[in-house]
Structure formats: structure tokens, C-alpha cells
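Reader: I've got a model open and want to talk through its side chains. Can you walk me through them?

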Amino acid sequence: LPKADLSEADLKGANLCEASLFGASLKQACLEEARLFGADFSEADLSGASLKLARYNATTRWPQDFQP
């Protein structure tokens, strides 16, 4: 399956709880103030993404070596 390309997407304030974004490209995306509880960003590209005031929890899965 092709991976989602959300590069430069404006997702400010989005509700992405439980979203599966495995392997997605979120380069330079705005995830400010987004709700990310339980979202799966495994293997996603979050380079340059803005996570200012984004909310997440222990079930949110991040790419290896990514520090939110």
C-alpha cells in the first residue's frame, strides 16, 4: 500500500487520536495543538514537523529515535 503524503499539511488542532499514520510523510507538517492520543507514527517521517502544544500519551507510537 502507498504511504500517505501529508508533507506541509496544516493539521493544527486536528483530532488524530488512534490514527494510523504508519510510514506517512509528515515533513514540515503543522501538528500544533493536535490531539495525538494513541496515534501510530511508527516509521513516519516527521522531519521539520511542528508539534508545539500537541498532546499525546504513552500509547502514542513514534518513529524510532524520535523525541517529541
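Author: Sure, one term to start: a residue is buried under 20% relative accessible area, exposed over 50%, and partly exposed in between. Also keep in mind that this is a predicted model.

Reader: Let's use that on R61: what does its relative accessible area make it, and which residue does it meet in a salt bridge?
Author: R61 has a relative accessible area of 42%, which makes it partly exposed. Its side chain sits 3.7 Å, N to O, from its partner, and a salt bridge needs 4 Å or less, so the pair counts. That partner is buried, at 12%. The residue is D40.

Reader: How many salt bridges does a search of the whole structure find?
Author: Besides R61 with D40, there's K27 with D45, whose closest N and O atoms are 3.8 Å apart. K27 is partly exposed at 40%, and D45 is partly exposed as well, at 27%. The search of the whole structure gives a total of two.

Reader: Now the cysteines. Why is C17 in no disulfide?
Author: A disulfide is a covalent bond between the sulfur atoms of two cysteines. To count, the sulfurs have to be within 2.5 Å. For C17, the nearest cysteine sulfur is that of C30, too far for a bond. The gap is 16 Å.

Reader: And are C17 and C30 buried or partly exposed?
Author: C17 comes out at 33% relative accessibility, while C30 has a relative accessible area of 19%. The cut-off for buried is under 20%. So C17 is partly exposed, and C30 is buried.

Reader: On to the aromatics: how do the rings of Y56 and W62 pair, stacked or edge-to-face?
Author: A pair of aromatic rings is described by the distance of the centres and the angle of the planes. Here the centres are 5.3 Å apart and the planes are at 90°. Planes over 60 degrees apart go in one class, so Y56 and W62 are edge-to-face.

Reader: Which residues form the aromatic cluster?
Author: The structure holds three aromatic pairs. Y56, partly exposed at 38%, and W62, buried at 17%, both belong to the cluster. Its full membership is F41, Y56, W62 and F66.

Reader: Last one: which residues does L16 touch, leaving out those up to four places away in sequence?
Author: The largest nonpolar core has 20 residues, and L16 is among those that touch the most other members, as is F41. Leaving out the sequence neighbours, L16 touches L11, L21, L31, R35, L36 and A39.

Definitions and conventions:
Residues numbered from 1 in each chain as written. Predicted model: local features only at pLDDT ≥ 70, side-chain atom pairs only at ≥ 80, totals over all residues. Heavy atoms only, no water. Core = buried A, V, L, I, M, F, W, Y, C linked by side-chain atoms within 4.5 Å. Buried < 20%, exposed > 50% of the residue type's maximum accessible area, 1.4 Å probe, protein only. Contact = heavy atoms within 4.5 Å. Phe/Tyr/Trp six-rings, centres within 6.5 Å; stacked < 30°, edge-to-face > 60°.
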